[in-house]
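Student: I would like a close look at one strand and what lies around it. Could you start there and then lead me outward, step by step?

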Amino acid sequence: MRRFGVIALVAALCASEPALAQQQTRITGLVKSSDGGAPIVAADVEVVGANFRRVATTREDGRYSVQVDAGTYMVRVRRIGFGADSAMNVVVAPNESKAVNFTLVARAAQIVGVTVVGYGTQNVRDNTGSVKAVTPKEFNTGRLVSTEQLIQAKVPGVQVIDSNEPGGGISIRIRGGTSVNASNEPLFVVDGVPLNVGGGLSSGRNPLNFLNPSDVKEVTVLKDASATAIYGSRGANGVVLITTKSGSSTEPSLSYSTSFSTSQVVNTPDLLSAAQFRTAVQTYAPGNVGLLGTANTDWFDAMLRSAGGVENNLSVSGVRDDMRYRLSLGVLDQQGIVLGTNTRRLTASATYSDLLANDRLELRANFKGSRSDDGYTTGGGIGAASAMDPTQAIATNGVYFQWTNPLGANNPIADLAQLTDRGSTFRSLGNVEAKWFFTDLVEGLSATMRTGFDYASSNRTFFSPSTSQQDIESGRHGRIFQNQPRNVNTVFELFGNYNRKLESLESTLDVTAGYTYEQQKGDYPSFTADSLTTDLLGPNGVPTAGIVNSSLFVDEAKLISFFARANWTWKEKYLFTASIRRDGSSRFGPDNQWGIFPAVSAAWRMSDEAFLNEINWLSDLKLRVSYGVNGNQAFGNFLYVPTYTPSGAQATYQFGNEFIPMLRPSAVDPNIKWEQTASTNLGVDFGLWNDRITGTLDYYNKDTKDLIFSVPVPAGTTTGNFVTTNIGTLNNKGLELGISAVVLDGRKGWRYDASFALSTNQNKITSISADETDQILTGGIAGGVGSRIQVLQPGSPINTFYVYQHRKGPDGKVVGGTALDTAMYVDQNGDNVINQDDLRPYKNPAPRWIIGHTSTASYKNWDFSATARAYLGNYVYNNVASNLGFYQGLSGATPSNRHASVLETGFVNPQYFSDYYVENGSFLRLDNITAGYTFRRLRGISSMRVYGTIQNAFTITGYSGVDPLAGVNGIDNNLFPLSRTFTLGANVAF
């Protein structure tokens, strides 16, 4: 029935066209700004005749169309934030289309603009939810590989965490994490196409690398439930809407940009020098003195380099009548500071839009494609460089040094030369949209049909020759491993919109309702070949092998949704929004497949009230309140049914004289369902002194229930060790403040704008309802066997560190050396024994405060900008120090290097769970500085801007490790080193 309804509606649209096409008497035109000629969206176009009055609204391209009878009319255009314009005595003959264009002059005293929201657009001043749009003039600059980097430190409540690797993974947290085992990443929507939560498929790096940041027009972050509930079961962690550039509404244009960069290492782990290492071995492991070499090798210096990069982008855009287009091509080649790491990317995009059927049908199409090739750090090189003996030479007479004992660290330079780890990803994304305007029948009514796809295929190949140390030690005699995942997502959406000014009620009504069908299919083949007969083919082929194993995993998921949203504005100062979405997901069992996610919000523009008219310094004041429910289904497919895996050799069944492997079912919860997050938001939007200062202040409270946990299963109850189920609740609450100020307004050629983004979030697990324990250990670390350094416990934040309280001596230093545990640690329960019962939750890896600041200045043709970021109250577990911070490691079969902290602590034995290694990671970082100069009116060139940028200019921190921004969970375990990047570039417009 649903599909029949869709087909019937499409047929009705097509059938209506011949009848409507006979009515061709209309007034059309374009409304644009006097500042740059940009189209003005959502302007009111009023057409008045002798017995006729109709108000139309300009579309996203600034165009409008009004059906009229033959006659004489006055046309008036109004838009908040702009001066009005009008045209008198517009004469329209029978069967004539009259074009009347307008140019409006912007006023500084009003908040203007239209931002993208779920399934539509909305005036910024009419937002009732917490929404922040970031435009190109606010984007970060420099060598940016992924779109997330554009908004780093720009949006209050949004944390962007980079891995430092070229094109490496980036995590985003919007108002803290709402889950434990399910994803905490937001939903990304690119030009209306929703991606898999987290971004989708890649060969091992950031999935959003397929999108060229130069093609991005706007990034809109939806933060509260009022804004995100329209996305239902995927909106609990926020939604990031990415809108790419489309064709120009003026003249055809050609633009070209190029840039060159070099990156330098900022910091490496603090390890013992060769001289210090020799002394330590002589003191604590004299039996290994004979194993020392005569060299003085800095292994990190040997494996790091100055990394170069180049990027070129070309685009052409234009307009012909009602048709707009844009084509772009981008090429990126960026080395990593670790030898062998790099990313190369080729991107192409095409956008098209047109108005047909007398402006009643608007067609849009967006297509993007990319090919990326990546090189990865091989053989655990960063960890090997930390542990390798600094007294050994890299190579002697062309032969790499290697320990003959397999317990010794491998030579990282040899691994870089012999091992290969490369990946490639092809990704294509696009959609086609048809929007029909029923203006001739019902003013303000339109229907949109959109279909889109997201296709990705990847190939990652690892090759280790028989001569590599790891293959010699393992006896594999050469290995090649290849993983070739492929994924395709398709989406079909049909929704209608009714937007009408109700003059008699002094109101505006905007209603959207629709249906979506999404399907995801993926297959994930892989194979491993060991005992290769030859190394000559390398990663380029598979020779005959002694052992070949292959696997194929296939999955599929579907999501069907119905949604509706209504916005009502009364007297332009009382604003109300209500939305609801009903989702059905195949990831859950039959009894839990459907969920309902509602939201309501309201706003009051107090500055429009008469009692505030005499407060001249207050130019805008709006109060907002919202409440809603979101879901989270970002976890594995079909976890409500068991999967079967063959048993190992230790679990076979005897039939006669033969032992048969068994198929063992996994432990499952057939009643698992999605997590639900209910959130409340209170907000204030304000403008001061004619909007020289504008800002927002928000308080939010989010409660998540039915948390998805992977919990231990009681022994003997099932063949599985863990089961994924719903247990526990979680709370996030916080404050956000965003301020923008025009400090200098252009007098004498100077302009200076400053903005601040401040936020704080408190995260706490409020309950865990597992049968066995109210405490779950997490946060795996290097050192020991199965060691975990963090805990999930009611009353504590997610991933709180779980450590012993280390005693300090009279000198203020930690008690170290060979002291007994009872002398080294505080006995929390007073039983004179130091054991698991004395561990305590201690400190939080998430920052208590995040502060971002951007300064933008210009003087005549010069421009300057700087962005800084500060985290306060975040803590980091220095796993490099804890894993190498004790002298016992010198006494093994091969002595490995030690972390320099051992010189202070004197630890002889490992102290992995000491709070000494939990360090304050607060920092202040100058993310980038940019200076540019624009040449205008050059011969044959519209404009040319040359610029220079420094990224990661400096970091001020008390953290002793490589980077205080140590991932999402705050565990520093051989992080990719941070680099400082210098970029020179030019943008040319023809």
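**A strand and its surroundings**

Tutor: Let's begin with one pair of residues: L187 stands opposite V239, which belongs to β17. Before we go on, this is a predicted model, in which local features need pLDDT of at least 70, side-chain atom pairs count only at pLDDT 80 or more, and totals for chains, interfaces and linings use all residues. Residues are numbered from 1 along each chain as its sequence is written, and side-chain values use heavy atoms, with hydrogens and water left out.

Strand β17 covers residues 239-244. Names like this come from DSSP runs, numbered from the N terminus: helices are H or I with at least four residues, strands are E with at least two. Two strands pair if DSSP finds at least two bridges between them. On that count, β14 (residues 187-190) is joined to β17 by four bridges, and the two run parallel. Strand β16 (residues 216-222) is also joined to β17, by six bridges, but here the strands run antiparallel. One bridge to find on your screen links V216 with T244 of β17.

How enclosed is β17? Six of its six residues are buried, so β17 is largely enclosed by the rest of the structure. Buried means under 20% relative accessible area, with exposed over 50% and partly exposed in between (1.4 Å probe, protein chains only). The side chains point two ways: V239, L241 and T243 go one way from β17, V240, I242 and T244 go the other, and all are buried.

Now step back to the loop between α2 and β17, where you will find S233. Its relative accessibility is 0%, so S233 counts as buried. Setting aside residues up to four places away in sequence, S233 touches L559, D583, F597, G631, N632, Q633 and W674; contact means heavy atoms within 4.5 Å.

Helix α2 (225-228) leads us to an empty space: α2 and β30 (545-570) each give at least two residues to the lining of the second largest cavity. A cavity is a set of points on a 1 Å grid over the protein atoms alone where a 1.4 Å probe fits but cannot get out; a pocket is an open set with protein on both sides within 12 Å along at least five of seven lines, and lining residues have an atom within 4 Å of a point. This second largest cavity has a volume of about 140 Å³. Its lining has 14 residues, and V117, Q122, S226, A227 and R565 lie nearest its centre.

The model has 12 cavities of 30 Å³ or more. The largest holds about 540 Å³; volume is the space filled by probe spheres set on the points, which are joined across faces, edges and corners. Its lining has 36 residues, with R143, Q149, D162, Q951 and N952 nearest the centre. Among the elements giving two or more residues to this lining are β20 (323-335), β49 (862-872) and β53 (941-957), while the largest share, three residues, comes from β52.

There is an open space to visit too. The second largest pocket has a volume of about 720 Å³. It is lined by 40 residues, of which S179, N184, I798, N799 and N969 lie nearest the centre. Strand β43 gives the largest share of that lining, four residues.

For a contrast with β17, look at helix α3 (residues 274-284), whose buried residues are A274, F277, A280 and V281. Seen down the axis of α3, these fall within an arc of 120°, so they line one face of the helix; the arc is that of the directions from the helix axis to the C-beta atoms.

Our last stop is a three-stranded open sheet with mixed pairing, in the order β51-β50-β54. Its edge strands, β51 (918-920) and β54 (971-972), each pair on one side only. Three bridges join β50 (residues 875-878) to β51, and these two run antiparallel; Y877 stands opposite V918 in β51. In the loop between α10 (902-905) and β51 sits D915, which counts as buried at 10% relative accessibility. D915 and Y802 are 113 residues apart in sequence, yet 8.4 Å apart in space, C-alpha to C-alpha. Leaving aside neighbours within four places in sequence, D915 is in contact with V803, Y804, Q805, H806, R840 and Y842.
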